[in-house]
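Good morning, everyone, and thank you for making room for me today. I would like to take you slowly through one model, and I will try to name each part before I talk about it.

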Amino acid sequence: MAWLAIIIIKVVVAFGALLLIAAYMSWMERRVFALVQVRYGPNRVGPAGLLQPIADGIKLMFKETVVPSQADKFVFFIAPALTLIPALAAFAVVPFGDAVTLFGHKIDLVVADVNVGILYIFALSGIGIYGVVLGAWASNSKYPLMGGLRASAQLISYELSLGMSLLGVVMISGSLSLKDIIAGQVDYPFIFLQPLGFILFVVCMLAETNRTPFDLPEAESELTGGFHTEYSSMNFAVYFLAEYCNMITLSAVAATFFLGGWRGPFLPPVLWFLIKIIAFMFFFMWLRASSPRLRYDQLMAFGWKVLLPLAILNVVVTAVFIYLMDS
Amino acid sequence: MPGLFLFYLTAAVTIAGAMGVVSHPNTLYCVLSLIAAFIGLAGLYLSLSAEFIAIVQVVIYAGAIMVLFLFVVMLLDLRREEWIPLRLPIQKFTGALIGVGLFAVILKVIFSGSVLTGAKGEFPAERVSEIGNTQVLGKILLTDYLLPFQAMGVLLFVGIIGAVVLARRRAD
Amino acid sequence: MLGEVFRGLWVTIKHSVRARETVQYPEVREELPPGYRGLHKLLLWEDGLERCVGCKLCAAACPVECIFVESGENNPARPVSKGERYARVYEINELRCIFCGYCEEACPVGAIVLGGEYEFRADSRQKFIYGKRDLLVKRPDEIPELQRRYNEKKLLTYV
């Protein structure tokens, strides 16, 4: 039964850590925002405000759950879970460290090594859209519906470029498994081979996670809260966590595909991996503090007329290079 | 037998989803059932160790196409659908006939045993799991079946152009 | 477009190294400007007599009518104030008060002033009606800068 115990421990540790980091990202986001806006941010609860996410969590748990009277109750309640579960499950294929030997067992630091790993992540992020769309629809309210429509249109549009931008790395490493892709970056990270792919991926990542400048689904100034306007209490917290989990997972994918995953000198692999993820998250927060929002037609035009052609170009150029190298 | 358990579970999800699509009065729930059916189908592919097809099934059908279905349902507000009686009594009869016929075909194939013991092709299951599902599929698609593959691409392209032409407002 | 994005990032980075604008309130307190209008105080003369003569001009000037004064005749043997009368009851509803400072301007003897205190709190509305006990300073030199402010004005020669 050792293998079962190992799997259960891996699942608990990985997802526990993911949720904890996601919660702490809210703290980090507020601190980074404050940094840029010449403030301090939360610094009262615990040292440097480090207990703030826990306080927020407790507060949200004790809040009343408000359900709009005309809402479709069943869909309204399962929608947040439909967002969080894929967001958590997607992290399962991301390796967060080299194999370690513990009590005589060799343990790969990845919950599940799937040989179509990256497609699995895309599949789950595609499923994650439903949580947003259904939650928006079930609220039976104007703003959420608009936000939900925007979110789904945006996610579908940018998912194409997101996948295409990774195709170059997949072609070079010849595998869809994240473990093999990290193994292919022993000498140097793929960012040197795929600079355009990296930039495209980061931009698409912003759009996929509804971050500024692509945060139209929850544009506060025009849609109040967007798709989660009618959500309160833990339902809202679940959406919130799911959003951060998605950001972390995509950051992890970016780190894995372009920055060598957990590879790095001196420090232990898990720490390197964490540093890379947090660096991406910091960039997201920094960008959110610095840039305004795109208009909706600009968003669509940018996705279809700029990002997608560039991503296809990247694939073609990579293919030509691989062909020339081989022959 | 975890594999068998997985098969029964996903088969149950698929069938329940498919039943929901045709029987649920709320259109939105029909769409949700269809998504569940697609995901169940992906599970069935997985139990056949066809990971690539399973994932693509989820990405394309459950992830992208069904979102568009949802769009339509949400925007048309089909929440309370009125019961429309079938116009021709023959419709019911034909439907039942086709259903029974299809079921008979399926039963015949199952009991003839040719599915389980039929001739093995160039890529039997052992070899596929050896080189990897994705690689095999890619190789076959881009060598042996290159022409149908390209033809399919052209077909989809024509479809896209048609959609653009239809959606475009006439410039007059 | 990309250029503008980077310019925005540069601006925010420049801001992030600037000194913080936030005042860490309970630990750090900002110095109030000299004319700050906080909690009211009723002042005393140097000899310990109350300044207020119960003329009710402050109550008349108050735009929200939060001041209530009831005057009483001074006992010549043991006067409370320097005039004929004094304020037997002086109440201010601090919840109603808008801290405009008109009472201070209206007062002919410089008895009522708005001091620098802004941290008064209570757990019921009733407790925000401040009487003479709460408003009157204990010693003439209790709030020296306010006393000085009024001594310098020299508007009290006719008392």
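**A walk through the model**

Let me begin in chain C, with Phe99(C), which sits in the loop between S3 and helix H3, the helix that covers residues 102-106 of that chain. Before I say why I picked this residue, please keep in mind that what you see is a predicted model. Phe99(C) is not a glycine, and yet its phi angle is positive, at about 55°.

There is another residue of this kind in chain A, namely Ser233(A), which is not a glycine either and has a positive phi of about 55°. Ser233(A), however, belongs to helix H9 of chain A. Is Ser233(A) buried or exposed? Its relative accessible area is 6%, and because the cut-off for buried is under 20%, Ser233(A) counts as buried.

Let me stay with chain C for a moment and turn to its sheet. Three strands make up an open sheet in the order S2-S3-S5, and their pairing is antiparallel. At the edges we find strand S2, residues 67-73, and strand S5, residues 129-130, and since each has a single partner strand, one side of each is left without a neighbour in the sheet. S2(C) and S3(C) are joined by seven bridges in the antiparallel sense, and as an example you can look for Ile67(C), whose bridge partner in S3(C) is Ile92(C). On the other pairing, strand S3, which spans residues 85-93, is joined to S5(C) by two bridges, and these strands also run antiparallel. Here you can look for Asn93(C), whose bridge partner in S5(C) is Ile129(C). As a general point for anyone new to sheets, the side chains in a regular strand alternate between the two faces of the sheet.

Now to chain B, where the picture is one of helices. How many helices and how many strands does chain B have? There are eight helices and zero strands, so that, reading from the N terminus, the elements run α-α-α-α-α-α-α-α, as follows from how helices and strands are assigned. Chain B has 172 residues, of which 23% count as buried. The area that chain B exposes is about 13,100 Å², with 74% of it supplied by carbon and sulfur atoms. If we take the contacts within chain B that have a separation of 6 or more, 54% of them are between residues 24 or more positions apart.

How do the chains meet? Two pairs of chains touch, and of these the pair with the most contacts is chains A and B. Chain B and chain C, by contrast, do not touch, and their nearest C-alpha atoms are 28 Å apart.

A good residue for seeing chains A and B together is Ala123(A), which lies in helix H4 of chain A. Once its neighbours within four places in sequence are left aside, Ala123(A) is in contact with Ile55(B), Val58(B) and Val59(B). Its relative accessibility is 3%, so Ala123(A) counts as buried. Within its own chain, the C-alpha atom of Ala123(A) is 8.9 Å from that of Pro86(A), which is 37 residues away along the chain.

Finally, let me speak about empty space. In general, rolling a probe the size of a water molecule over the atoms shows where such space is left. The largest pocket has a volume of about 2,000 Å³. It is lined by 42 residues, and the closest to its centre are Leu119(A), Leu167(A), Phe52(B), Val56(B) and Ile60(B). Which helix supplies the largest share of this lining? That is H3(B), with ten residues. By class, the pocket lining has 26 nonpolar, 13 polar and three charged residues.

Besides the pocket, a search of the whole structure finds three cavities of 30 Å³ or more. The largest cavity has a volume of about 300 Å³, and among its 21 lining residues the closest to the centre are Thr83(A), Gly128(A), Leu155(A), Glu208(A) and Asn246(A). Helix H3, helix H4 and helix H9 of chain A each supply at least two residues of this lining, and by class the lining has twelve nonpolar, seven polar and two charged residues.

Methods:
Residues numbered from 1 in each chain as written. Chains lettered and ligands numbered in written order. Predicted model: local features only at pLDDT ≥ 70, side-chain atom pairs only at ≥ 80, totals over all residues. Heavy atoms only, no water. Contact = heavy atoms within 4.5 Å. Helix = DSSP H or I, 4+ residues; strand = E, 2+ residues; numbered from the N terminus. Buried < 20%, exposed > 50% of the residue type's maximum accessible area, 1.4 Å probe, protein only. Areas by Shrake-Rupley, 256 points an atom, 1.4 Å probe, with all protein chains shown as cover. 1 Å grid on protein atoms, 1.4 Å probe; cavity = no way out; pocket = protein on both sides within 12 Å on 5 of 7 lines; lining within 4 Å. Points joined across faces, edges and corners; volume = space filled by probe spheres on them. Nonpolar A, V, L, I, M, F, W, Y, C, P; charged D, E, K, R; others polar. Pairing = 2+ DSSP bridges.
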